[in-house]
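Trainee: I am new to this structure and would like to go through it step by step. Could we start once it is on the screen?

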Amino acid sequence: MNWDDDSTDAAAGDEARIVGASAEGDDQAVEAALRPKDLSEFVGQEKVRQQLDLVLKAARQRGATADHVLLSGAPGLGKTTLSMIIAAEMNAPIRITSGPAIQHAGDLAAILSSLQEGEILFLDEIHRMSRPAEEMLYMAMEDFRVDVIVGKGPGATAIPLELPPFTLVGATTRAGLLPPPLRDRFGFTGHMEFYDPAELQRVIHRSAGLLDVEIDPAGAAEIAGRSRGTPRIANRLLRRVRDYAQVRADGVITREIAEAALSVYEVDGRGLDRLDRAVLEALLKLFGGGPVGLSTLAVAVGEERETVEEVAEPFLVREGLLARTPRGRVATPAAWAHLGLVPPQAAGPEGTGSGAGKGQQGLFGA
Ligand SMILES: Nc1ncnc2c1ncn2[C@@H]1O[C@H](COP(=O)(O)OP(=O)(O)OP(=O)(O)O)[C@@H](O)[C@H]1O
Ligand SMILES: [Mg+2]
């Protein structure tokens, strides 16, 4: 199975981060064990869960296959989990593949033509499928038919092939990249949201039970608050805290143990890791809170532009610690407070920020 291996370019720098949202290393094996198996076990996402429950129940009552489902949302929020739940709820077999694995229309034709009636076809990272495959998928989704092209050049002929009714479940972290004709062919689109701390706490308690780890509510709350709204991160932090509890304490996870363990891993009270804090610290200490250009900021922390922009910034922006403005990156008052620093007086940072937004590219290159 390769559907979880291909991280997007943006996620590449996310690897090996304890607060990275993409799955890597031992995550994949453990995740299989921690995955909720049916809708009732699936924590949070009330809206999507209710909507999906209706879609599936109605299809079951009609004895029909369910409409095609698109699941969109950030990495680690439960798209793959939900697709497997759909198969379980429909009592149907599931075939798993991914956009990047389908490079030629022929690859897709081979998969489609071997589907059984009612089967769930899970297409992860559907936004990364090739163009010709995408076009074949349009027809398959709408008419349950594909044209298989035999031969090449002027002698090529299209042989129509009937497909059994199936349910396509597409998952994407970048719904905006899907061509509208593809998006329109889904009968139901579920947008996965980040989880609130109470929901993550439930995820953590559930996982702790499955992992046979003792944890008290304060311990779970502490981990939840540092998990960036993402169950995958919550489960990963839980495992690291468990290690600590086992080696340095009596195995029980309390607030103190969680705090101590996560400070070893440099995940702070808000879920920021070393890179996030380095970016914030440079912005505050070197550039007086900005505005400062991305390239300058990246050089200051010794990282690639892309790493700062795609790995560190999204969460900082989401947390309201950093703003991207036309003149450059700016720290918010919350950023100063989070690092325990005092912002300079209203007069503003003299000189440091001026020109950084525009001038830097011309002066120093990109
Ligand atoms: N609602 C939930 N309740 C409990 N556990 C969850 C929930 N959502 C996700 N998880 C846990 O988080 C892990 C990651 O979820 P999943 O693999 O489904 O994310 P994803 O959205 O497919 O991520 P990606 O975009 O990287 O493919 C799962 O192994 C599961 O244990
Ligand atoms: Mg997935």
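Trainee: Which residues are buried in α8?

Mentor: This is a predicted model, and helix α8 covers residues 197–211. A residue counts as buried if 20 or more other C-beta atoms lie within 10 Å of its own. In α8 that holds for Leu200, Gln201, Val203, Ile204, Ser207 and Ala208.

Trainee: What arc do the buried residues cover around the axis of α8?

Mentor: An α-helix has 3.6 residues a turn, so residues three or four places apart point the same way. In α8, Leu200, Gln201, Val203, Ile204, Ser207 and Ala208 are buried. They lie on the same side of α8, because the arc they cover is only 160°.

Trainee: Which residues are exposed on the other side of α8?

Mentor: Exposed means that 12 or fewer other C-beta atoms lie within 10 Å. The buried side of α8 is covered by elements that include α2 (27–34), α9 (217–225) and α10 (231–248). On the other side, the exposed residues are Ala198 and Gly209.

Trainee: How far apart are the end C-alpha atoms of α8?

Mentor: The helix has 15 residues, and at 1.5 Å a residue it should span 21 Å. The model agrees with that expectation, since the distance between the end C-alpha atoms is 20 Å.

Trainee: In what order do the strands of the open sheet lie?

Mentor: The sheet has 5 strands, and their pairing is parallel. Its edge strands are β2 (94–98) and β7 (188–191), each of which pairs on one side only. From one strand to the next the twist averages 15°. The order is β2-β3-β6-β1-β7.

Trainee: In β7, which residue is the bridge partner of Leu70?

Mentor: Strand β1 spans residues 69–72 and runs parallel to β7. The two strands are joined by 4 bridges. In β7, the partner of Leu70 is Thr189.

Trainee: What angle does the direction of α4 make with that of β6?

Mentor: Helix α4 (residues 79–89) packs on the sheet. It touches β1, β2, β3 (120–124) and β6 (167–172). Its direction makes an angle with that of β6 of about 170°.

Trainee: Where does pLDDT stay under 50?

Mentor: The protein averages a pLDDT of 88, and 90% of the residues score at least 70. One stretch under 50 has 19 contacts beyond four places in sequence, and another has 23. These stretches are residues 1–12 and residues 351–366.

Conventions:
Residues are numbered from 1 along each chain as its sequence is written. Chains are lettered from A and ligands numbered from 1 in the order in which they are written. This is a predicted model: local features need pLDDT of at least 70, side-chain atom pairs count only at pLDDT 80 or more; totals for chains, interfaces and linings use all residues. pLDDT is the predictor's confidence in each residue, from 0 to 100. Two residues are in contact if their C-beta atoms, placed from the backbone, lie within 7 Å. The expected span of a helix is 1.5 Å times one less than its number of residues. The arc is that of the directions from the helix axis to the C-beta atoms. Two strands pair if DSSP finds at least two bridges between them. Axes are lines fitted to C-alpha atoms, for helices over the stretch in contact, and angles run from 0 to 180 degrees between N-to-C directions.
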